[in-house]
Amino acid sequence: MSHIDNDVKLDFKDVLLRPKRNTLKSRSEVDLTRSFTFRNSKQMYTGIPIIASNMDTVGTFEMAKVLCKFSLFTAVHKHYSLDQWQEFARQNPDCLEHLAASSGTGSFDFERLEQILEAIPQVNYICLDVANGYSEHFVEFVKDLRTRFPEHTIMAGNVVTGEMVEELILSGADIVKVGIGSGSVCTTRKKTGVGYPQLSAVMECADAAHGLNGHIISDGGCSCPGDVAKAFGAGADFVMLGGMLAGHSESGGELTEKNGKKYKLFYGMSSEMAMKKYYQSMAEYSLRASEGKTVEIPFKGDVEHTIRDILGGIRSTCTYVGAAQLKELSRRTTFIRVTQQLNPMFSDEH
């Protein structure tokens with residue numbers, strides 16, 4: 001029998017952070033580095049916990065080179081060959097600790113993942129990514145992956161509810177990706193009616209994960225540095241960005257020109273474009289509705305400028321609420337519900 005959950009669920013746009021009296025003099029005093037020890041792999045992580053999404057227009061080797069300079073992380077998309085991985089590893093050995101190799105649950109994906117992890121032992125992270133993390137098959141795959149790679153740190157998702165976060169952590173995942181339908185080029189909500197407002201999903205899932213000494217990634221829904229700060233304030237250990245890192249020199253996607261302006265293609269990994277590009281011969285995909293769209297983003301230049309903008313925004317957030325370190329932000333966060341985020345007078349400049 002169908003049921004309505006009447007508890008209000010909120011998105012980033014529905015809240016602002018309340019400022020608090022504090023003693024911080026400037027944002028340069030704020031430390032955004034976090035250190036974690038993961039529950040199942042027992043590995044340690046230190047860095048700024050922002051992750052470039054494992055989309056082929058975002059999670060590129062070019063992106064990884066820049067992000068690792070800032071101690072940020074990249075979930076490298078799953079469509080690079082073993083040769084490309086080995087070439088990157090040879091030229092950029094210092095970046096390997098800030099990378100995850102991505103995989104789906106198909107046998108071909110798994111074989112390639114095995115090859116990469118055997119050839120490049122410095123890659124210690126696996127990003128296991130499916131659109132629907134609720135299937136029994138996915139849970140079994142996580143268990144098998146944990147058995148096969150007992151010392152690798154496994155990120156797995158996507159889900160949006162506490163009980164599924166717990167199940168994945170108990171099955172071997174260290175970090176659970178949280179978010180369904182919240183991405184800028186995701187059409188899951190439109191096609192299926194399934195989803196969960198991202199802020200509430202993060203708060204509920206973080207609570208479930210932290211009770212088991214697990215961790216979560218807020219994946220999707222951030223459109224500005226303030227949203228990234230809200231995700232951390234809501235309890236996310238990591239924040240994964242797609243659209244905010246798309247459209248740069250280091251992003252994948254074709255560069256085009258129209259009326260003297262440059263654009264880059266950005267598309268969801270379940271979009272028709274991605275399916276045609278990678279799965280032309282796979283009959284199973286002909287039965288599946290596309291759950292992503294393709295957009296042209298005005299070309300943004302080097303990603304370094306965007307990264308500095310994001311990190312500067314989060315540091316400012318921390319100074320408003322009195323968090324000298326990023327790990328204190330969620331403890332010092334009080335969200336207030338609002339009906340409007342911004343003054344809309346010049347909204348096209350947002």
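This passage looks at the internal cavities and the aromatic contacts of the structure, which is a predicted model.

To start with the empty space inside, the search turns up 2 cavities of 30 Å³ or more. The largest cavity comes in at about 40 Å³, and the second largest at about 30 Å³.

The lining of the largest cavity is made up of Lys78, Ser102, Ser103, Asp109, Arg112, Leu113 and Ile116. Two elements, strand β6 (99-103) and helix α3 (107-119), each put in at least two of these residues. Helix α3 is the top contributor here, with 4 residues. Chemically, this wall is a mixed bag: 3 of its residues are charged, 2 are polar and 2 are nonpolar.

The second largest cavity has another set of neighbours, namely Ile50, Leu67, Leu72, Leu245, Ile307, Ile310 and Leu311. Helix α10, which covers residues 303-321, gives the most to this lining, with 3 residues. As for side-chain class, the count for the second largest cavity is 7 nonpolar residues, with no polar and no charged ones.

Turning to the aromatic side chains, the structure holds 12 aromatic pairs. One of them joins Phe110 and Phe141, whose ring centres sit 5.7 Å apart; the planes meet at 80°, so this pair goes down as edge-to-face, the label for angles over 60 degrees. Phe110 belongs to helix α3 and Phe141 to helix α4 (residues 136-148), so the contact ties together parts of the chain that are 31 residues apart in sequence. Helix α3 thus turns up twice, as it also gives the most to the lining of the largest cavity.

The two partners of this pair fall into separate accessibility classes. Phe141 has a relative accessible area of 11% and is buried, because the cut-off for that class is under 20%. Phe110, at 21% relative accessibility, counts as partly exposed, since the buried class takes in values under 20% and the exposed class those over 50%.

Elsewhere, a group of rings comes together as one aromatic cluster, built from Phe36, Phe38, Tyr45, Phe73, Tyr125 and Phe238. There is also a charge sitting over a ring: Arg148 lies over the face of Phe149, at 4.6 Å from the ring centre. Arg148 falls within the residue range of helix α4 (136-148), the helix that also carries Phe141 of the edge-to-face pair.

Definitions and conventions
Residues numbered from 1 in each chain as written. Predicted model: local features only at pLDDT ≥ 70, side-chain atom pairs only at ≥ 80, totals over all residues. Heavy atoms only, no water. 1 Å grid on protein atoms, 1.4 Å probe; cavity = no way out; pocket = protein on both sides within 12 Å on 5 of 7 lines; lining within 4 Å. Points joined across faces, edges and corners; volume = space filled by probe spheres on them. Nonpolar A, V, L, I, M, F, W, Y, C, P; charged D, E, K, R; others polar. Phe/Tyr/Trp six-rings, centres within 6.5 Å; stacked < 30°, edge-to-face > 60°. Buried < 20%, exposed > 50% of the residue type's maximum accessible area, 1.4 Å probe, protein only. Lys NZ or Arg CZ within 6 Å of the ring centre and 35° of its normal.
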